[in-house]
Amino acid sequence: MRIVLTLIVVILMLGALVRTEYERSLARKDVSEGCLACHAEVDDPDALHPVKSFGCATCHLGNAFAFEKRRAHQGMVLNPGDLRVASQTCGREGCHPSHAERVKRSVMATNTGIIASLYRLWGGSRGEDQPLDVQSLMAWTGPKSPPLDYFSKLCGSCHLWRPLGEGGGEFAERGGGCSACHIIRRHEMTDPTRARFKHAELSMRAPMANCVRCHNRSARIGLTYQGRLEDDGYGTPHEDGGPNQRRITGGRHYQELIPDVHFRAGMVCIDCHTGTELMGDGISHKSLVGQLEIRCEDCHAPQFRPEAGIVNLSGASPPELPSKNAARLSALNGHMPSPATDRFVFSQKGSLLYALRLVDAPSSGPTPGKAALYRKLDGAPLSYAFDATPRPHHALPGHERLSCQACHSPIMPQCYGCHITMRQNETQYDKLLGRETSGKWSEERSYARFETPVLAVGPNNRIMPASPCQAEVSVFDQNAIFRPLESPVASLARAFDPHSTQKTSRSCRDCHLETKTMGLGVGRMSAQKKQPFRSAYDGNRSGFVQPGSPEALMDLSGRPLLDFVVGGPLEKASLARIRGVGPCLPCHNRYEDSIYRNFADSLDRLGSRRASSCFMSGARPVQCDTLFRDNLSHRSPRPVVSGERFRDMRISY
Amino acid sequence: MNSSRAANGLRTLWLRMPSVFLSSLLICLGSGVLLAFQYQPAGGDEVMRSVEEITTLIPYGFFLRRLHFASGQTCAILAILHTGRYFLKKTYGRTAPAEWTRLALGLAVCLLLVLTGFILKGDAEGVRAGTVLASLLREIPLIGPVLSGFAVGQGNSFFMPPFLLHCLILPPILLLLLGKHIRVRLPAQSTFAATALVLGGWSLIVPMALPALSGDPAAEATGPWLFLGLQAMLMRLPPLLCGVTLPAGLFTLFCVLPILRGTRAAAAHNLLLAFAAMYAALSLGFVLYSSIFV
């Protein structure tokens with residue numbers, strides 16, 4: 001009996017063994033790695049990462065040697081670009097090791113500037129141990145101070161550490177480390193067996209949509225560049241009896257205005273912004289400004305240098321000549337011709353602008369040079385002329401500190417009255433912790449404008465367009481009672497490139513006669529010594545957070561009215577010089593006018609009556625000093641709201 | 001009535017233990033020989049590739065590997081129980097020193113087989129275990145570096161020394177040490193069949209553990225279960241002390257038990273017992289610590 005039972009058990013076990021072996025044998029195929037036994041027909045992510053050569057596990061990790069799902073998927077990552085694993089995937093030895101480490105320190109991953117601005121909003125102080133970047137904030141286990149909680153719940157969806165696919169809707173599209181930029185189409189999985197599917201498309205030609213996915217709030221440069229003004233949500237003008245269908249992320253409505261001149265030329269973000277700017281230079285900068293390197297002059301006044309003696313600027317090992325670097329990058333791009341020149345332009349940090357090619361060098365005489373910028377998405381060349389020396393109006397004495405944007409960015413989004421409410425008796429999803437925690441933040445904006453910007457001193461002491469950021473925080477405790485002492489009110493401002501560049505610049509009057517542009521706010525200048533400037537809006541009387549008009553950056557004495565994150569308002573001396581030119585402009589309205597060659601000397605001659613009389617219309621002689629006095633009492637133009645000045649510039653309305 | 005039946009059952013188990021051990025050993029040797037044909041001991045990733053191919057690609061490889069693992073672990077457990085039993089019964093008092101040393105050496109060889117087998121998994125844990133072993137051996141003054149070279153290789157030959165030890169050197173030594181046992185206690189057919197059925201059934205049902213991949217965090221790596229106590233000690237104590245001096249001292253003390261008499265024997269016995277208890281507690285504590293905090 002015992003023998004029979006033993007035999008039965010043995011037979012049953014053998015049966016089970018043979019069956020298991022048979023089931024396993026079905027998955028076995030003669031492939032280079034186990035993954036391909038099941039995922040047999042996967043197309044290549046791109047020409048540079050063929051599945052045949054790379055397999056799957058090189059990027060997606062897992063156990064490439066196993067022919068069994070449970071073992072093969074062990075340790076696998078769906079998104080190799082995720083910064084948590086990037087050093088083992090994209091950044092593995094032999095692939096892109098320096099890039100992965102650089103990206104982790106880049107501002108798109110650290111968000112140091114945003115977090116620092118929030119600390120500033122809440123009084124500027126930060127404990128020594130308080131985190132100042134996303135990675136340390138994600139590891140932060142202590143109680144979160146208001147700026148950190150605010151960041152985690154509202155801002156925390158736009159950083160490269162964010163796992164791709166987390167959350168719903170558009171939130172799921174953001175983040176993902178390297179994939180945030182380099183994946184240009186998500187994978188398409190139609191076969192339920194997963195044997196065949198279209199792999200996500202990988203490219204170094206990052207489309208603008210990948211950038212604008214995040215860069216569409218705050219400074220709104222991604223929208224401004226495309227000529228889109230986020231409006232207040234009425235959906236006007238109505239179409240077919242209802243709100244129009246123009247929507248951007250978050251379901252926000254927008255109006256179409258004139259886009260940036262570069263956008264109209266078909267250029268996208270990566271056509272200007274270098275890899276060093278986007279992926280970082282390996283240094284953990286305190287804010288975005290430190291990471292930027294591209295300047296308008298790099299293309300518009302290019303300094304083509306012969307490559308002889310220039311090596312290692314690309315950081316490649318072993319060092320490579322710029323021509324080889326350019327040829328390699330062009331080949332990787334896939335749409336761009338290999339350079340036929342040995343002269344190249346480098347950014348201020350030494351990045352090779354490989355898409356910029358010299359066509360004809362400028363002569364020492366008046367003949368301009370010719371250059372071509374190859375668009376990175378389609379490789380189409382954009383040819384343009386450039387001068388060997390700056391044109392007169394670009395070399396006008398006294399304008400050395402002006403950035404190109406100061407004159408060529410005529411419009412800028414400016415929002416006022418951002419009201420931030422925090423209710424401690426409610427909960428909200430913490431995007432860094434991945435769970436609901438107590439305290440709910442919400443934001444409401446009073447109004448936004450899309451108008452001529454104020455000028456201020458920006459990074460590198462250059463004069464740039466600036467935009468205010470007024471924030472009023474209201475904190476309500478667990479009993480829904482307002483806590484004024486924990487509710488900061490701040491009027492911040494920041495100078496930045498609004499990305500609304502136009503070929504036609506602002507006029508001289510726009511700066512020298514308009515008090516708003518100078519930073520004094522909308523108001524009236526007069527010759528009265530007691531009150532030389534009268535603001536159109538008195539903030540003090542209205543109980544507003546700042547004394548002048550909302551646009552004012554400073555008072556007439558040069559005292560800043562707003563807290564600048566970087567830079568500040570124009571200096572008092574600069575303001576005096578700018579105002580000093582204003583009275584002359586009605587007559588001396590050309591750059592070439594001789595009085596501007598040495599304006600201080602011209603004023604001296606006028607003051608000492610050595611200057612000749614100037615003539616208005618007709619034959620009536622008017623002395624300049626009379627005109628000067630009269631012009632001091634001009635009234636600055638009314639603020640230009642969207643839809644007035646730029647109505648003629650709209651593409652469609 | 002019940003207690004006497006239980007006592008009888010336990011006694012039968014004890015009596016069958018050598019037979020079960022030898023049955024497991026035979027199964028382990030047999031499966032090991034078959035696996036050795038497919039195992040690739042040289043090369044970086046090739047070692048793990050060959051292990052994974054055995055597990056998932058070679059026909060019946062998964063079963064052989066599980067069977068080899070299960071029978072090897074059974075041998076190790078039974079060797080510990082066997083040695084522990086004789087130690088607790090203080091039979092060293094009436095055993096010839098050479099015979100007692102043979103018992104101690106047999107246990108040591110079993111433990112080394114477990115360790116080298118763990119290294120030969122070829123995964124990240126195997127590499128780490130091999131590295132720890134080599135580092136510990138290097139701590140031995142004068143002969144350390146040489147000894148380390150015999151335990152673990154360099155570069156692509158990393159797995160070659162443990163492979164030679166596991167397949168060609170240690171098994172014959174173990175068989176030599178067991179020589180008398182094999183002659184006397186050759187397993188009965190029924191014991192062998194029962195052992196084979198249990199181990200075979202276990203190998204069919206319980207899946208092989210997943211390998212540790214190279215990207216896995218080192219902090220989560222654990223050694224073979226018999227060496228967890230040592231791993232815990234290495235986290236706090238100098239390697240030379242807890243990895244070399246202490247094990248060598250305790251092993252020597254264990255071997256000399258038959259020649260100690262009176263209070264010295266009792267003291268040595270208690271010391272070894274206390275260390276065994278502490279080691280077990282450390283191992284358990286390490287497992288708990290790893291599962292909760294790491």
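The following questions and answers go through a predicted model with chains that include A and B.

Biologist: How many helices and strands does chain A have, and what share of its residues is buried?
Modeller: The secondary structure of chain A comes to 26 helices and 22 strands. Chain A has 653 residues, and the buried share of them is 46%.

Biologist: Among contacts in chain A between residues at least 6 apart in sequence, what share joins residues at least 24 apart?
Modeller: The count here leaves out pairs of residues that are less than 6 apart in the sequence of chain A. Of the contacts that remain, the share joining residues at least 24 apart is 59%.

Biologist: Is A:His49 buried or exposed?
Modeller: A:His49 lies in the loop between β1 (41–42) and α3 (51–54) of chain A. Its relative accessible area is 19%, and the cut-off for buried is under 20%. A:His49 is therefore buried.

Biologist: Which side chain makes a polar contact with that of A:His49?
Modeller: Leaving out residues up to four places away in sequence, A:His49 touches A:Asp44, A:Phe54, A:His96 and A:Leu202. The polar contact joins side chains at 2.8 Å. The partner of A:His49 in it is A:Asp46.

Biologist: In which sense do β11 and β12 of chain A pair?
Modeller: Strand β11 covers residues 369–374 and strand β12 covers residues 381–386. A:Lys370 stands opposite A:Ala385 in β12(A). Over six bridges, the sense of the pairing is antiparallel.

Biologist: Which residue in the hairpin of β11(A) and β12(A) takes a positive phi?
Modeller: The hairpin has six residues between its strands. The phi in question is near 75 degrees, and the residue that takes it is A:Gly379.

Biologist: How many residues apart in sequence are the parts tied together by A:Phe304 and A:Phe386?
Modeller: Over all chains there are 15 aromatic pairs. A:Phe304 and A:Phe386 form a tilted one, at 5.9 Å centre to centre with 40 degrees between the planes. A:Phe304 lies in the loop between α18 (296–300) and β8 (305–306), while A:Phe386 is in strand β12, so the pair ties together parts of chain A whose separation in sequence is 82 residues.

Biologist: What are the relative accessible areas of A:Phe304 and A:Phe386?
Modeller: Both values fall in the buried class, which is under 20%. A:Phe304 has 9%, and A:Phe386 has 3%.

Biologist: Which kind of pair do the rings of B:Phe275 and B:Tyr279 form?
Modeller: These two residues lie four residues apart in helix α12 (residues 262–293) of chain B, about one turn of the helix. Both are buried. Their ring centres are 6.0 Å apart and their planes are at 35 degrees, so the pair is tilted.

Biologist: Which ring does the charged end of A:Arg423 sit over?
Modeller: The charged end of A:Arg423 is 4.6 Å from the centre of the ring. In chain B, B:Arg85 lies over the face of B:Tyr86 at 5.6 Å from the ring centre. For A:Arg423 the ring is that of A:Phe476.

Biologist: Which helix gives the most to the largest nonpolar core?
Modeller: This core has 44 residues, and those with the most contacts inside it are B:Tyr39 and B:Leu257. Helices of chain B that each supply at least two of its residues include α3 (61–88), α4 (97–119) and α11 (239–255). With seven residues, the helix that gives the most is α4(B).

How values were computed
Residues are numbered from 1 along each chain as its sequence is written. Chains are lettered from A and ligands numbered from 1 in the order in which they are written. This is a predicted model: local features need pLDDT of at least 70, side-chain atom pairs count only at pLDDT 80 or more; totals for chains, interfaces and linings use all residues. Side-chain values use heavy atoms; hydrogens and water are left out. Buried means under 20% relative accessible area, exposed over 50%, partly exposed in between (1.4 Å probe, protein chains only). A polar contact is a pair of N or O atoms within 3.5 Å; within protein, one must be able to donate a hydrogen and the other to accept it, and residues adjacent in sequence count only if both atoms are side-chain atoms. Contact means heavy atoms within 4.5 Å. Two strands pair if DSSP finds at least two bridges between them. Rings of Phe, Tyr and Trp (its six-membered ring) pair if their centres lie within 6.5 Å; planes under 30 degrees apart count as stacked, over 60 as edge-to-face and the rest as tilted. A charge sits over a ring if NZ of Lys or CZ of Arg is within 6 Å of the ring centre and within 35 degrees of the ring normal. A nonpolar core is a set of buried Ala, Val, Leu, Ile, Met, Phe, Trp, Tyr and Cys residues joined through side-chain atoms within 4.5 Å.
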